[in-house]
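Let's take a walk through a protein together, one stop at a time. Keep the picture open while you read.

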Amino acid sequence: MKGLFKSKPRTPADVVRQTRDLLLFVDRSPETRESKREEKMSELFKNIRELKSILYGNSESEPVSEACAQLTQEFFKEDTLRLLIKCLPKLNLEARKDATQVVANLQRQQVQFKLIASDYLEKNMDLMDILIVGYENQDMALHYGAMLRECIRHQIVAKYVLNSPRMKKFFDYIQLPNFDIAADAAATFKELLTRHKSTVAEFLSKNYEWFFAEYNTKLLESSNYITRRQAVKLLGDMLLDRSNSAVMTRYVSSRDNLRILMNLLRESSKSIQIEAFHVFKLFAANQHKPADIVGIFVANKSKMLRLLEDFKIDKEDEQFEADKAQVMREIEAL
C-alpha cells in the first residue's frame with residue numbers, strides 16, 4: 001500500500017515557498033526550543049542548497065531554464081529576498097555562501113525576456129542600504145558585498161547607490177584595516193564608477209566638488225600604498241572614458257589636482273608612476289590650460305623634463321613612448 005502514497009516531487013516554486021516559510025520561522029521565533037530550532041535550521045540549509053543546485057546545476061545535470069524561470073518568479077513574487085538578507089547573519093557559513101550565490105544568480109535570470117529582479121529591487125531599494133552598511137560587519141561584509149555588486153548590474157540600482165548619502169561611506173570602507181573587506185569595498189566602488197557610463201557621468205557632474213575632494217584626500221593621498229595605486233588607476237579609467245569628458249576637462253584645470261599627480265609621478269613604485277602618468281598626460285595635453293596650471297608647468301619645466309627623460313618602463317611599449325614624447329613636447333613648448 002505504501003507505494004500508492006508516494007509524496008509528489010517538489011517543484012522549484014515549492015522549494016522557494018518552503019524556504020520562505022523557514023526563513024519566517026527563523027526570523028520570528030527566537031524563543032523556540034533548541035531541538036526544534038536546529039531541525040528547522042537544518043531544513044533551511046538544505047533548501048538553500050537545493051535552490052542553488054536548481055540555478056547552477058550540479059555534477060550530474062545542467063540547470064533547466066524552465067525550472068530556473070519558475071524559481072525566479074516565485075522568489076520575487078513575495079519578500080523572499082528581504083527575508084534572506086535579513087536572516088543571513090543567523091545562517092552558518094556554508095549556507096551564507098550558498099545564499100550569496102543564489103542571490104547573485106537571480107539578478108541575471110530572465111522570465112519572458114525580463115529581468116524581474118530589477119523590477120523587484122526598484123520597489124525595495126532600502127535593501128541596498130542594508131547591503132552597503134554590511135561592510136561594517138566583519139562576518140557579513142564579503143557576503144553582502146558580493147550581493148551588492150550583483151545588484152548594481154541593474155542601472156536603476158547603481159543610480160540609487162551612487163546618489164544615496166551612504167555613497168560617502170565607501171571612502172572609509174576602502175581603508176578598513178581588514179584587507180579582504182577593504183579590497184571587496186574597492187571592487188564595488190570601481191563597479192559603481194565604471195559600469196553604467198551615462199549614470200556615472202551624471203553623478204560625477206552633479207557631485208564633482210565633494211566627490212573629488214574626498215577622492216583626492218582620502219584615496220590619492222592615502223598613506224596606504226595599495227589604496228593609492230588602486231585610486232590612481234581608477235581615476236585614469238574614469239577620466240579617459242569619453243562619457244566623462246566634461247568632468248575630465250574640469251579635473252585637469254585644477255592646480256591642486258596637478259600637484260597631487262606630480263607627487264604620484266615621483267613615487268618610488270613603478271606601477272603608481274605609470275598610472276599617474278596616464279592622468280598627468282591629460283593635464284599636459286589640455287589645449288586650454290588655465291594660467292595657474294601653465295605657471296606650474298613653467299616653474300617646474302626642467303624638473304619635469306628630467307623626470308620624464310628618466311622614466312622608463314620594464315617592457316617595451318610603443319604607445320607609452322609616443323605619449324611620453326608628446327607630453328615632453330607640450331611642456332617644452334610652454
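What follows is a short tour of a helix, some charged pairs and a patch on the surface.

One thing to keep in mind before we start: this is a predicted model.

Let's begin with helix α20, which covers residues 318-333. Does its length make sense? At 1.5 Å a residue, its 16 residues should span 22 Å, and the C-alpha atoms at its ends sit 23 Å apart, so the two agree. Now look at which way its side chains point. F320, D323, K324, V327, M328, E330 and I331 are the buried residues of α20. Around the helix axis they cover an arc of only 160°, so they end up on the same side of α20. What do these buried residues of α20 pack against? Their neighbours are α17 (270-285), α18 (291-299) and α19 (301-310). On the face of α20 turned away from that buried side, you'll find the exposed residues E318 and A333.

Next up: charged pairs. How many salt bridges does a search of the whole structure find? The count is 29, and a few of them are worth a visit.

Try K97 and E94, which form a salt bridge whose closest N and O atoms are 3.7 Å apart. Both residues belong to helix α5 (residues 93-106), and they are three residues apart, about one turn of the helix. So how covered up are they? The cut-offs help here: under 20% relative accessible area is buried, over 50% is exposed, and anything in between is partly exposed. K97 has a relative accessibility of 38%, so it counts as partly exposed. E94 has 43%, so it is partly exposed too.

Now compare that with R149 and D184, whose side chains meet in a salt bridge at 2.9 Å, N to O. R149 sits in helix α8 (residues 141-151) while D184 is in helix α11, so this pair ties together parts that are 35 residues apart in sequence. Is D184 buried or exposed? Its relative accessibility is 11%, so D184 counts as buried.

One more pair: the side chains of E191 and R195 also meet in a salt bridge, this time at 2.6 Å, N to O. E191 comes in at 22% relative accessibility, so it counts as partly exposed. R195, at 34%, counts as partly exposed as well. Elsewhere, salt bridges that share partners join D14, R17, R20, E74, K77 and E78 into one network.

Let's go back to helix α11, which runs over residues 179-194 and includes K190. K190 has 39% relative accessibility, so it counts as partly exposed. Which residues does K190 touch, if you leave out those up to four places away in sequence? They are L234 and D237. You can also compare two kinds of distance here: K190 and R229 are 39 residues apart in sequence, and their C-alpha atoms are 13 Å apart in space.

Our last stop is on the surface. F179, Y225 and I226 make a nonpolar patch of about 280 Å². Of these, Y225 lies in helix α14 (residues 225-239). With 33% relative accessibility, Y225 counts as partly exposed. Find that patch in the picture, and you've finished the tour.

How values were computed
Residues numbered from 1 in each chain as written. Predicted model: local features only at pLDDT ≥ 70, side-chain atom pairs only at ≥ 80, totals over all residues. Heavy atoms only, no water. Patch = residues over 30% accessible without salt bridge, like charges linked within 9 Å, V, L, I, M, F, W, Y side chains within 5 Å. Areas by Shrake-Rupley, 256 points an atom, 1.4 Å probe, with all protein chains shown as cover. Salt bridge = Lys/Arg side-chain N within 4 Å of Asp/Glu carboxyl O. Helix = DSSP H or I, 4+ residues; strand = E, 2+ residues; numbered from the N terminus. Buried < 20%, exposed > 50% of the residue type's maximum accessible area, 1.4 Å probe, protein only. Contact = heavy atoms within 4.5 Å. Expected span 1.5 Å × (residues − 1). Arc of directions from axis to C-beta.
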